[in-house]
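Dear colleague,

I am handing over the structure we spoke about, with the sequence alongside. Please have it open while you read the notes underneath.

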Amino acid sequence: MSVIDSISSTLASHLWNPLATRLRYLIEMEENIGKLDSTIKNLEVRKNEIQVRLKISEGKQETCNPEVTEWLEKVTAMGTEVDEIKNVHKKRKQSFTYWSKYEIGMQAVKKLKEAKMLHEKGAFKQVSFEIPPYSVQEVPIVPLTEGIECNLRDVLQYLKDGKVGIVGIWGMGGVGKTTLLRKINNHFIGVAKENYGYDLVIYVMASTSYGIGQLQVDIAEKIGLFMKPGSSTEMRASLLLSFLRRKKFLLLLDDLWDYLDLAEVGIPYTSGLNNQKVVLTTRYETVCGHMGAHKTICGMFGPRDSLAIVQRKSNRSY
Ligand SMILES: Nc1ncnc2c1ncn2[C@@H]1O[C@H](COP(=O)(O)OP(=O)(O)OP(=O)(O)O)[C@@H](O)[C@H]1O
Ligand SMILES: [Mg+2]
């Protein structure tokens, strides 16, 4: 073969291959839409099967494998995208131009490839894991917190009291409420479970602007509990409630601005008797009252507390 022949054959193949692919988008459009349809159906079958397995593991109080959560979200997104392609296909069926046929054909091939890959990835051996029996997650805190130790001791003392279910920490902005709460959380890292008897120590921001839904998601995330994306507040509450009811927990709610209905969130009633306790921080004493705090701490926490008022008072007679 001469050099010219070789160049022209390479050139021809370079021109022909993309052209052939594009022609196939046109010619095989209907066939690929059909294939896409059946791949999506297979994907739905796999999704349903995984959801049944998740339901079973939910009953065993297990948490969803994060890869499965991501996969489920991708399947939902894929379903929407394919529906759009099918809608356009249906609408234009009467008046196809070569260009629109080519466009839909190309999208169908692309999605078909993605859907097949997604289907393969969905062959999960393990859709859930057991939740660790004891968990506290460290939260960042300023390194120098000398002045806070005595407040920490007081709160820990209250927590040991079987009559105290809710402790309220209140004081003006910047006095160190969050720092104290974080200190309480970190205190439980490395502490033997038997010392206090909690299965879980959960620190969450509870500012009103977050909303109940966000608070539920944050709590679930901290304890490793799977919540179906898009589930209602009531469903999340009942899931949290059925999980937390069986646990001994210390819930640390930071920055409450208003009364928060713990039952609506899915937090069991905390009388203090069964080691289910809540410590909250707020700027307002009234919030502690509305929340039914059995003990409150008010003042300035931290290095300035030698100068400041640290009043402790019991605002409830049992
Ligand atoms: N014991 C401490 N030692 C050193 N720094 C502290 C101490 N307590 C608080 N701080 C610092 O003071 C600042 C305010 O503290 P923090 O955020 O805890 O206040 P707050 O009472 O929660 O305020 P807000 O009501 O606005 O939420 C933070 O920068 C924190 O790092
Ligand atoms: Mg704060």
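The notes below go from the whole chain to two helices, then to a group of strands, and end with a few backbone angles and one database annotation.

Please keep in mind throughout that this is a predicted model. The protein chain has 11 helices and nine strands, and of its 318 residues 32% are buried. Among the contacts in the protein chain with a separation of 6 or more, 80% are between residues 24 or more positions apart.

Helix α5, which covers residues 149-160, has 12 residues and reaches 17 Å from its first C-alpha to its last, close to the 16 Å expected at 1.5 Å a residue. Its buried residues are Asn151, Val155, Tyr158 and Leu159. These buried residues are on the same side of α5, because they cover an arc of only 100° around the axis. The general background is that an α-helix has 3.6 residues a turn, so residues three or four places apart point the same way. On the other side of α5 the exposed residues are Glu149, Cys150, Arg153 and Gln157.

Helix α8, at residues 211-223, can be read in a similar manner. It has 13 residues and spans 19 Å between its first and last C-alpha, close to the 18 Å expected at 1.5 Å a residue. The residues of α8 that are buried are Leu215, Gln216, Ile219 and Ile223. Seen down the axis of α8, these buried residues fall within an arc of 100°, so they line one face of the helix. As for what lies over them, the cover of the buried residues of α8 includes β3 (135-136), β5 (200-205), α9 (233-244) and α10. After α8 comes Gly224, whose phi is positive, near 75°.

Since β5 is part of that cover, the strands that pair with one another are a natural next stop. Strands β5 and β6 run parallel and are joined by six bridges, and β6 and β7 also run parallel, again with six bridges between them. Leu252 in β6 is a convenient residue from which to follow this pairing, as Tyr203 stands opposite Leu252, while the bridge partner of Leu252 in β7 is Val279. Seven of the eight residues of β6 are buried, so this strand is largely enclosed by the rest of the structure.

Two residues other than glycine deserve a look for their backbone angles. Asp255, in strand β6 (residues 249-256), has a positive phi of about 70° although it is not a glycine. Asp255 is partly exposed, with 19 other C-beta atoms within 10 Å, and because a residue is called buried when 20 or more such atoms lie within that distance, Asp255 falls short of the cut-off. Asn275 also has a positive phi, near 55°, but is found in the loop between α10 (262-265) and β7 (276-282). Asn275 is likewise partly exposed, with 18 other C-beta atoms within 10 Å.

Finally, there is one annotation to set beside the model. An unreviewed UniProt entry carries the annotation "coiled-coil region" for residues 26-60. In the model this span is 94% helix and 0% strand, and its end C-alpha atoms lie 51 Å apart.

With best wishes

Definitions and conventions:
Residues are numbered from 1 along each chain as its sequence is written. Chains are lettered from A and ligands numbered from 1 in the order in which they are written. This is a predicted model: local features need pLDDT of at least 70, side-chain atom pairs count only at pLDDT 80 or more; totals for chains, interfaces and linings use all residues. Helices (H or I, at least four residues) and strands (E, at least two) are DSSP runs, numbered from the N terminus. The expected span of a helix is 1.5 Å times one less than its number of residues. A residue is buried if 20 or more other C-beta atoms lie within 10 Å of its own, exposed if 12 or fewer, and partly exposed in between; C-beta atoms are placed from the backbone. The arc is that of the directions from the helix axis to the C-beta atoms. UniProt positions are given in the numbering used here, feature names are shortened, and annotations may be inferred rather than shown by experiment. Two residues are in contact if their C-beta atoms, placed from the backbone, lie within 7 Å. Two strands pair if DSSP finds at least two bridges between them.
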